[in-house]
Amino acid sequence: MYIRMDSLPDAIVHYILSNLNNARDVAICTCVSKRWKDAIPYLRSLYFPRNSFDNLTSSDCPDTIVWKMISSIVCLEELVVYSPFSSAGLASWLSLVGSTLKHLELRMDNLSEYQVCVERPSKLDCISGAKNLESLKLWGVLMINSPSWDVFHKLKNLEIVGARLSDPALSTALRACPNLTNLLLLGCEGVMSVSIQLPLLERCKLDFYGSGNSSLSLSCPKIEFLEVQGCSWIRVRETKCLRNLSISNNTGRVYMVDFGKLAALESLTMRGVQWCWDAINKMLQWASEVKHLYMKVEFTGDFDTLQPFPEVDFVDFFNSHPKLQKFDIHGAMFAALCQKNSLKNIESGFVIPCLEEVVVTVRSPLNAEQKMSTLESLLKYGKNLKAMVIRILQMKSSHSSSDDFFDEICRFRCINRKIVRIE
């Protein structure tokens, strides 16, 4: 059974059409009938895709078209603009809907660097006209100069993706958002040192692009989720609520970490080419209650010299992490557990009580006998182990030892086929 739109009551028509948000769909609706046009003031959200004005035939400029659509809406709560716009256009829009707008998302990469620097007020400055924002998302931002923002008391979510920042400008922006619960800075370059003090922050993802030598100080007593990429020095002292932590540095080195006791931590990820061993050792000590541990650090060493991991005692490691349920281990850490003395202190009553899944990445046939022994020990003492995944990367040796090692792993898998698989 089909119901024609023109047979529905006005209230239902208005409700249906009020869920539209694409600007082109909205424009088409105004041409269908007076009833449909009368529903436009009840829209809550407007979205302008990147190509909204590619085939513009109107004499009006894009800024004016957006202004006309916005001016016809009584209570706009969300505005997303990916199409090009000017600072004057943005200021005029926000003068209309700044008091009702809760969610604002802007793609700001349409102007050259020089224009952004000299334009006053800048697009960033104009955002202060939306005083009641709860969420602000910005793409392609040049924030060299500090934005002229008043305090956004209601702003809970701030996301900046693809930005060039200066330390003072970022600090100014964060001070204007004192009640954030979620902060995302993704693909941001130019940051050398950042201090974040946000009493309500719960989730934070920081991705600093560049040489990888930034420093971070974070004081957020309610932080639960923290992901940091591109920092060499990290200090986070208030950690009683921290449950998920990820630290990586793809281009630089991790020299120093300073955390409080990670008693609530459930998941820890450590990635990078080189970490100072002191930083690795401290993280493993603080994260004694962790349930999921992911380690992909290739080398240790304090400065330019790349060094292998020192020997890690198998028994001490698992006794120090009694709640560990999933262990994802790559290259260097696996090799450290496979040294000839690592399995020396195993006592008759030793077990790995909670371990359920192990993912091991192997890329070298060196010390093949010890590596096989470690794999067998994981299976033997992991009384609750349900799955072991062995990932074999392209061996760096062309010697027959690579083939022999692979054959050993295949035999190990055949014997324990219910638990072990090779990828």
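Reader: Among contacts in the protein chain between residues at least 6 apart in sequence, what percentage join residues at least 24 apart?

Author: This is a predicted model, in which local features need pLDDT of at least 70 and side-chain atom pairs count only at pLDDT 80 or more, while totals for chains, interfaces and linings use all residues. Residues are numbered from 1 along each chain as its sequence is written, and side-chain values use heavy atoms, with hydrogens and water left out. Taking contact to mean heavy atoms within 4.5 Å, and counting pairs at least 6 apart in sequence, the share that joins residues at least 24 apart is 54%.

Reader: Is the protein chain more spread out or less spread out than a compact globule?

Author: For 423 residues the globule rule (2.2 Å times the number of residues to the power 0.38) gives 22 Å. The radius of gyration, taken over C-alpha atoms, is 28 Å, well over that value, so the protein chain is more spread out than a compact globule.

Reader: Which residues of helix α8 are buried, and why do they line one face of the helix?

Author: Helices are DSSP runs of H or I with at least four residues, numbered from the N terminus, and buried means under 20% relative accessible area, exposed over 50%, with partly exposed in between (1.4 Å probe, protein chains only). Seen down the axis of α8, the directions from the axis to the C-beta atoms of the buried residues fall within an arc of 130°, so these residues line one face. The face turned away from them carries exposed P168 and R175, whereas the buried residues of α8 are A169, L170, A173 and L174.

Conventions: Helix = DSSP H or I, 4+ residues; strand = E, 2+ residues; numbered from the N terminus.
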